[in-house]
Structures are given as C-alpha cells and as structure tokens.
Amino acid sequence: IEFTYPTIKSKSLFNSPKEIVSSAYKVFSKLIRSLRKSRRGQRLSRFRRRKITTQMGGRKVRLVKYRRGKNFLAAYESILQAIKSGGRFVPGQMISIKPRHFLGWEQQVQESLTLIMAVDVSTSTLPAKNIIAKVISGLSTSFKRHRDRIGLISIHGEQAEILNHPSRNHRVVAKSIMQLEVKGLTPLGDGMVKAMEMVKMEKIRNPGSKPVVITLTDCFPEPL
C-alpha cells in the first residue's frame with residue numbers, strides 16, 4: 001500500500017518533515033537573536049558580542065571599593081591608596097592600611113548564552129526530539145561563534161536526570177537528545193528544580209553567561 005499526502009491545488013495538506021525542521025529552525029533562530037538583543041537601544045553588529053560588567057571575572061577595567069565575596073582585592077593599588085591618604089611616605093616607616101583603603105577590581109566579560117534544555121521524554125513529545133536535535137546541529141556554527149553553552153536535562157523515570165552539564169560541545173548534546181527514550185513517569189517538578197540549580201551554578205562559574213531554560217513538554221506531569 002502506498003501512502004501519499006492529500007493535496008489541495010497542488011499543495012500538501014500536511015507539512016513535510018523537511019518543512020517542519022525548517023520552520024522550527026527559523027523560530028528557534030529568532031528566539032536566540034532576541035535573547036542576544038542589546039539593552040538601552042544599543043546596536044551591535046551581527047558577529048559582535050555585548051560586554052557585561054562583573055565583579056568576579058574577566059578583564060580588569062576600573063578600581064572600585066572592595067567588597068568581600070563580591071570582587072577581587074587589588075592589593076598593590078590598596079597599598080598605594082593607603083600611602084596617598086597618609087601623606088608623605090618615609091622609607092622604613094610602617095604603613096597603616098585601614099578598611100577604607102581597600103580597593104577591588106571591576107571587570108568586564110563578553111556575554112554568551114547558556115541554554116539549559118529540559119526535555120520531557122513522553123510519547124507525545126518524543127517525535128519533536130529529532131527536530132530539536134537537528135536545529136541545535138544547524139545552529140552549531142552560531143553557538144561556537146558566540147561561545148554559547150548547552151546543557152541537557154532528561155525528564156523521565158522516577159526523577160529528572162542531568163545528561164549533559166553546560167558545555168560548548170553542542171554535537172554531544174544533540175546526540176544525547178537523539179538517544180532519549182520513553183521511560184516511566186514524567187517528574188516535571190524535579191526537572192524544573194534541577195534546571196534552576198544548574199542556572200545558579202552557571203552564574204557562579206561563568207559571570208558573563210546568560211542562562212536560559214528551554215522546556216519541551218506536554219505539560220502533563222506524572223506524578224502531579
């Protein structure tokens with residue numbers, strides 16, 4: 001038996017798999033571009049990344065007041081600040097350094113995205129995994145250019161499982177998505193908890209990163 005798509009005026013009634021992937025690629029690309037959009041009306045070139053001011057990593061740009069746990073101590077500059085505030089420096093004389101003399105570095109990094117994919121592996125969403133994997137593979141060049149990271153959380157079984165921590169090895173993540181199989185329940189709540197924990201860790205490890213959680217689900221958690 002040969003199955004064919006019904007046609008209306010020489011057009012397919014249903015989209016072909018290729019058209020579905022192409023449509024998903026356009027939607028996902030538009031989403032990524034909107035996430036990269038600069039603030040305050042700044043216009044950036046297509047290949048230029050926005051710079052983010054941070055206290056805990058990146059290129060040193062200026063001295064600010066030192067805050068423990070918030071920025072790095074600028075030891076040499078703090079000593080100079082103490083000498084300047086104390087007047088004339090006499091060799092051999094003790095230097096009095098007080099908390100008000102402490103300076104820290106304000107630093108700057110280039111922004112990148114961290115996409116945390118939380119995939120509900122159920123019968124209804126399983127066909128979409130191949131589309132998502134192909135879209136990620138298609139955007140691999142853009143991800144590499146902007147030094148984006150991708151992590152993967154599988155929502156199935158008794159509890160959600162972290163399959164890939166955020167990394168720049170996008171092909172491995174795409175391969176992991178392709179290998180997902182339906183298994184047991186859909187612990188959606190546990191998946192969201194693990195995704196938010198991953199977001200917190202990513203903000204600490206990569207201050208210039210912009211974590212975004214993308215969830216593929218039919219919104220029917222089991223158990224509730």
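## A walk through the predicted model

The face of helix α5 turned away from its buried side carries two exposed residues, Arg-171 and Lys-175. Keep in mind as you look that this is a predicted model. Now turn to the other side of α5, which spans residues 170–178 and has His-170, Val-173, Ala-174, Ser-176 and Ile-177 as its buried residues. Seen down the helix axis, these buried residues fall within an arc of 160°, so they line one face of α5. A general rule helps here: an α-helix has 3.6 residues a turn, so residues three or four places apart point the same way. And what do the buried residues of α5 pack against? Their neighbours are the helices α3 (126–138) and α4 (140–145), together with the strands β8 (149–155) and β9 (161–167).

From here we can step into the nonpolar interior. In soluble globular proteins, nonpolar side chains tend to be buried together. The largest nonpolar core of this model has 22 residues, and those with the most contacts inside it are Phe-28, Leu-115, Met-117, Ile-136, Phe-143 and Ile-177. At least two residues of this core come from each of α1 (17–36), β7 (112–120), α3, β8, α5 and β10 (209–216). For a close look, pick Leu-115: leaving aside residues up to four places away in sequence, Leu-115 touches Phe-28, Ile-32, Phe-143, Arg-149, Ile-150, Gly-151, Val-212 and Ile-214. Apart from the largest core lies another, of six residues, among them Ile-153, Ala-160, Ala-195 and Val-199.

Strand β10 also holds a polar detail. Ser-209 lies in this strand and, with a relative accessible area of 10%, is under the 20% limit and therefore counts as buried. Its side chain makes a polar contact with the side chain of Thr-114, at 2.3 Å. Beyond four places in sequence, the residues that Ser-209 touches include Ser-112, Leu-113, Arg-149 and Glu-202.

Next, find strand β6 (103–110). Six of its eight residues are buried, so β6 is largely enclosed by the rest of the structure. β4 and β6 pair in the antiparallel sense over six bridges, and Arg-62 has Glu-106 in β6 as its bridge partner. β5 is also antiparallel to β6, with two bridges between them; here Leu-73 stands opposite Gly-104. Gly-104 brings us to Asn-71 as well: the two are 33 residues apart in sequence, yet their C-alpha atoms are 5.9 Å apart in space. Asn-71 sits in the loop between β4 and β5 and is buried, with a relative accessible area of 6%.

How many aromatic pairs does a search of the whole structure find? The search finds one. Its rings belong to Tyr-66 and Phe-102, with centres 6.4 Å apart and planes at 85°, so the pair is edge-to-face. The pair links distant parts of the chain, 36 residues apart: Tyr-66 is in the loop between β4 (59–65) and β5 (72–73), and Phe-102 is in the loop between α2 (75–85) and β6. Both partners count as partly exposed, Tyr-66 at 25% relative accessibility and Phe-102 at 31%.

One last stop is the loop between α4 and β8, where Arg-147 lies. Most residues other than glycine have a negative phi. Arg-147 has a positive phi of about 55° although it is not a glycine. At 40% relative accessibility, Arg-147 counts as partly exposed.

Definitions and conventions
Residues numbered from 1 in each chain as written. Predicted model: local features only at pLDDT ≥ 70, side-chain atom pairs only at ≥ 80, totals over all residues. Heavy atoms only, no water. Buried < 20%, exposed > 50% of the residue type's maximum accessible area, 1.4 Å probe, protein only. Helix = DSSP H or I, 4+ residues; strand = E, 2+ residues; numbered from the N terminus. Arc of directions from axis to C-beta. Contact = heavy atoms within 4.5 Å. Phe/Tyr/Trp six-rings, centres within 6.5 Å; stacked < 30°, edge-to-face > 60°. Core = buried A, V, L, I, M, F, W, Y, C linked by side-chain atoms within 4.5 Å. Polar contact = N/O pair within 3.5 Å; in protein donor to acceptor, adjacent residues only side chain to side chain. Pairing = 2+ DSSP bridges.
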